[in-house]
Amino acid sequence: MADNSIEVKDLVKKFGSFTAVDRISFTVAKGEVFGFLGPNGAGKTTTIRMLCGLLDPSGGAGTVGGFDIKRQSEEIKKHIGYMSQKFSLYEDLTVAENIDFYQGIYQTKKAERRAKKESIIRKAELAGREKVLTANLAGSVKQHLALGCALVHDPQIVFLDEPTAGVDPLARRKFWSVIKELAGGGVTFLVTTHYLDEAERCGRVALIDGGRIIACDTPDNLKTATGTSSLENVFVSLVAAEKKP
């Protein structure tokens with residue numbers, strides 16, 4: 001268990017009589033890129049919000065970085081990176097001002113801020129555009145900047161909720177090259193995505209439908225187990241099997 005960055009056991013979230021997350025269990029190892037796949041409304045974002053300490057669970061248990069999601073949510077927030085599916089920076093601030101803001105929020109070491117800022121700007125290919133309002137950037141550039149700000153405090157666990165939605169294929173490949181590089185250095189990622197080519201890049205994937213995890217394994221193992229050639233067919237096959245009487 002010590003090698004796991006995330007541990008979830010029978011996690012539940014209810015909104016009134018509606019059960020959004022229904023007794024799910026899984027673990028994510030340190031340095032793993034873990035995919036979370038399912039249709040809209042399946043429970044992916046609700047799960048992430050509970051793990052990030054943004055939403056109280058209705059039942060079950062979980063830890064992130066060794067911190068309990070029920071009792072230590074504020075500690076969790078200090079040690080993770082989080083990027084939502086919607087652009088999460090401030091569009092009325094410039095590129096540089098957004099980076100400065102997040103460095104202040106995460107209380108990064110002042111002696112390291114300049115170098116970190118330059119690194120984010122370089123990786124987002126924004127050199128010379130530091131004073132440009134973020135609202136005026138292209139969508140793919142905004143997402144790279146948002147990723148840089150989510151990583152500004154060097155978190156060891158990062159949650160990415162559909163980070164490349166609406167981003168062109170070339171920008172998505174660049175985005176995933178950053179993820180793979182950081183994972184190689186021991187950073188853990190939990191990623192939701194609707195792009196199946198991205199899911200294939202994950203070490204393991206959990207398939208969630210109706211708030212329940214219906215399978216969790218490597219993409220290749222899932223395809224072999226269901227006798228199919230794509231994750232889309234895996235999902236269709238497993239959902240159909242779940243609905244059989």
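This section looks at salt bridges and at one helix, α5, in a predicted model.

Start with the charged pairs. Side chains of opposite charge can pair when their charged atoms come close. Searching the whole structure turns up 13 salt bridges, and a few of these are described here.

One of them joins E32 to R204, with 2.6 Å between N and O. E32 sits in the loop between β2 (18-29) and β3 (33-37), while R204 belongs to strand β9 (residues 204-209), so this pair ties together parts of the chain that are 172 residues apart in sequence. As for surroundings, E32 has a relative accessible area of 12%, and is buried. Its partner R204 comes out at 22% relative accessibility and counts as partly exposed; the cut-off for buried is under 20%.

A second pair links two helices. D197 and R172 form a salt bridge whose closest N and O atoms are 3.2 Å apart. D197 is in helix α7 (residues 196-199) and R172 in helix α6 (residues 169-184), so the contact ties together parts 25 residues apart in sequence. Here R172 is the buried partner, with a relative accessible area of 10%, whereas D197, at 41% relative accessibility, is partly exposed. The pair also has company: E198 is linked with R172 and D197 in a network of salt bridges.

The third example stays within a single helix. K223 and D220 meet through their side chains in a salt bridge, at 3.7 Å from N to O. Both lie in helix α8 (residues 219-226), three residues apart, and are thus separated by about one helical turn. Their settings are not alike: K223 counts as buried at 14% relative accessibility, but D220 is exposed, its relative accessible area being 52%.

Now for helix α5. This helix covers residues 139-150, twelve residues in total, and spans 16 Å from its first C-alpha to its last. That is close to the 16 Å expected at 1.5 Å a residue. Eleven of the twelve residues are buried, so α5 is largely enclosed by the rest of the structure. The buried set includes charged and polar names such as K142, Q143 and H144, along with V141, L145, A146 and L147, among others. What does the covering of these buried residues include? Two strands are part of it, β6 (80-83) and β7 (157-161). Helices α3 (95-105) and α4 (110-123) contribute too, as does α6. Helix α6 is also where R172 of the salt-bridge network is found.

Notes:
Residues numbered from 1 in each chain as written. Predicted model: local features only at pLDDT ≥ 70, side-chain atom pairs only at ≥ 80, totals over all residues. Heavy atoms only, no water. Salt bridge = Lys/Arg side-chain N within 4 Å of Asp/Glu carboxyl O. Helix = DSSP H or I, 4+ residues; strand = E, 2+ residues; numbered from the N terminus. Buried < 20%, exposed > 50% of the residue type's maximum accessible area, 1.4 Å probe, protein only. Expected span 1.5 Å × (residues − 1). Contact = heavy atoms within 4.5 Å.
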